[in-house]
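The following exercises are to be worked with the sequence and the coordinates at hand. Each task is followed by a solution in steps.

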Amino acid sequence: MYTSRFDYLYVAPALLVMLIVIAYPVYYTIELSFYKTPASLSLADKTFTGFDNYTTVLTSAIFWKVTWQTIVWTVLSTLFSFLLGLGAALALHRAFIGRALLRGLLLIPWVVSAVAASYVWKWLYHSDFGAIGALLNQMGLARGPVNFIDNSTTSLYALIVVNVWKEFSFAMIMLMAGLQTVPESLLRAAQVDGASAWQRFWHVTLPQLQGVSTVTVLLLVVQNFNSFIIPFIMTGGGPVGSTQIWITHIYELAFLRQNWGVGAAYAVLLFLIMMVLGYFYVRALTRGDDTRAGA
């Protein structure tokens, strides 16, 4: 195939934009992570400190607290979003009256703005005026105000509920698409052999969903690890740092405390984790490509 050097002119604008918007910020963040910078971020006043910022991050007590909270947030959000999405996808896979309407209703959490959803749920959780607390009181399950997001013990889990509500629709859509690829012949053969509904799901449907499930879980992990809007709007990392996760902690260090060097070191560590997750995501997407190409 003949390729002209002028062909590169067509992609030059896109490459330039990527260099400006992606490559340069990444490079500059890595550079800042090796310097102690004043609040003004003046290049002339930067002081090279080597790996001191990384040492500060990794030896800080707050780092391990925030890391644990980030792991809890990511694992529980991903797990329950996937399980709810799988359950909804299986329920909607069969034809019944009103299925299209129910599909549309279950898509609402995903299409609603995260900012709007955060403010709505913040009012639902309100200890004095919240609908959830009022409902619990009416049912006799609580007496008096219920503190969901003002309590350091329950605040992180209350936010996880909101995040799961927001994300399970995405998992549902991905898995509904995967269910369309499950061969009906295999299900019918299993049924003829006397397999129960659970056995057909466990031994036929679930293995056929392995590829789309892996991609869905990886996308949810990446999304949850980078979550910012819901924790920031609903609690701002509080109370007492109980809902502080990596991305909100980086924001606090860099933009509220003007500790740019340490914040940049955090960001670089987060970038490396995202690169690892991105590698596995690409592997999951391209699995079987060599076999298909050889065929």
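**Exercise 1. The start and the span of helix 3**

Task: In this predicted model, determine which backbone nitrogen a side-chain oxygen of S60 approaches at the start of helix 3, and what span the 33 residues of helix 3 should have.

Solution. Step 1: At the start of helix 3, the backbone nitrogen of I62 has a side-chain oxygen of S60 within 3.3 Å.
Step 2: Helix 3 covers residues 61-93. The expected span is 1.5 Å multiplied by one less than the number of residues, so a helix of 33 residues should extend over 48 Å.
Step 3: The C-alpha atoms at the two ends of helix 3 lie 48 Å apart, in agreement with the expected value.

**Exercise 2. Overall form**

Task: Establish how the radius of gyration of the protein stands against that of a compact globule of 295 residues.

Solution. Step 1: A compact globule of 295 residues would have a radius of gyration near 19 Å.
Step 2: The value for the protein is 24 Å.
Step 3: The C-alpha trace spans about 75 × 75 × 35 Å along the principal axes.
Step 4: The protein comprises 15 helices and two strands. Of its 295 residues, 38% count as buried, and about 17700 Å² is exposed, with carbon and sulfur atoms supplying 69% of that area.
Step 5: Among contacts between residues at least 6 apart in sequence, 66% join residues at least 24 apart.

**Exercise 3. Backbone geometry in two loops**

Task: Identify which residues are joined by a cis peptide bond, and state the phi of V240 and of Q258.

Solution. Step 1: As background, most peptide bonds are trans, and most residues other than glycine have a negative phi.
Step 2: The peptide bond between G238 and P239 is cis, with omega about -5°. P239 belongs to the loop between helix 12 (229-234) and helix 13 (246-256).
Step 3: V240 is also placed in the loop between helix 12 and helix 13. Its phi is positive, near 55°, although V240 is not a glycine. The relative accessible area of V240 is 72%; exposed means over 50%, so V240 is exposed.
Step 4: Q258 lies in the loop between helix 13 and helix 14 (260-286). Q258, likewise not a glycine, has a positive phi of about 55°. With a relative accessible area of 30%, Q258 is partly exposed.

**Exercise 4. Surroundings of S169**

Task: Decide whether S169 is buried or exposed, and find which residues S169 touches beyond four places away in sequence.

Solution. Step 1: S169 is located in helix 8 (residues 155-179).
Step 2: Buried means under 20% relative accessible area; the value for S169 is 0%, so S169 is buried.
Step 3: Leaving aside residues up to four places away in sequence, S169 touches L106, L107, P109 and W110.
Step 4: I108 is found in helix 5 (residues 108-111). I108 is partly exposed, its relative accessible area being 39%.

**Exercise 5. The salt bridge**

Task: Name the residue with which R257 forms a salt bridge.

Solution. Step 1: The structure contains one salt bridge.
Step 2: The partner of R257 is E252, and the closest N and O atoms of the pair are 2.6 Å apart.
Step 3: E252 has a relative accessible area of 18%, so E252 counts as buried.

Definitions and conventions. Residues numbered from 1 in each chain as written. Predicted model: local features only at pLDDT ≥ 70, side-chain atom pairs only at ≥ 80, totals over all residues. Heavy atoms only, no water. Helix = DSSP H or I, 4+ residues; strand = E, 2+ residues; numbered from the N terminus. Polar contact = N/O pair within 3.5 Å; in protein donor to acceptor, adjacent residues only side chain to side chain. Buried < 20%, exposed > 50% of the residue type's maximum accessible area, 1.4 Å probe, protein only. Rg over C-alpha atoms; globule rule 2.2 N^0.38 Å. Contact = heavy atoms within 4.5 Å. Areas by Shrake-Rupley, 256 points an atom, 1.4 Å probe, with all protein chains shown as cover. Salt bridge = Lys/Arg side-chain N within 4 Å of Asp/Glu carboxyl O.
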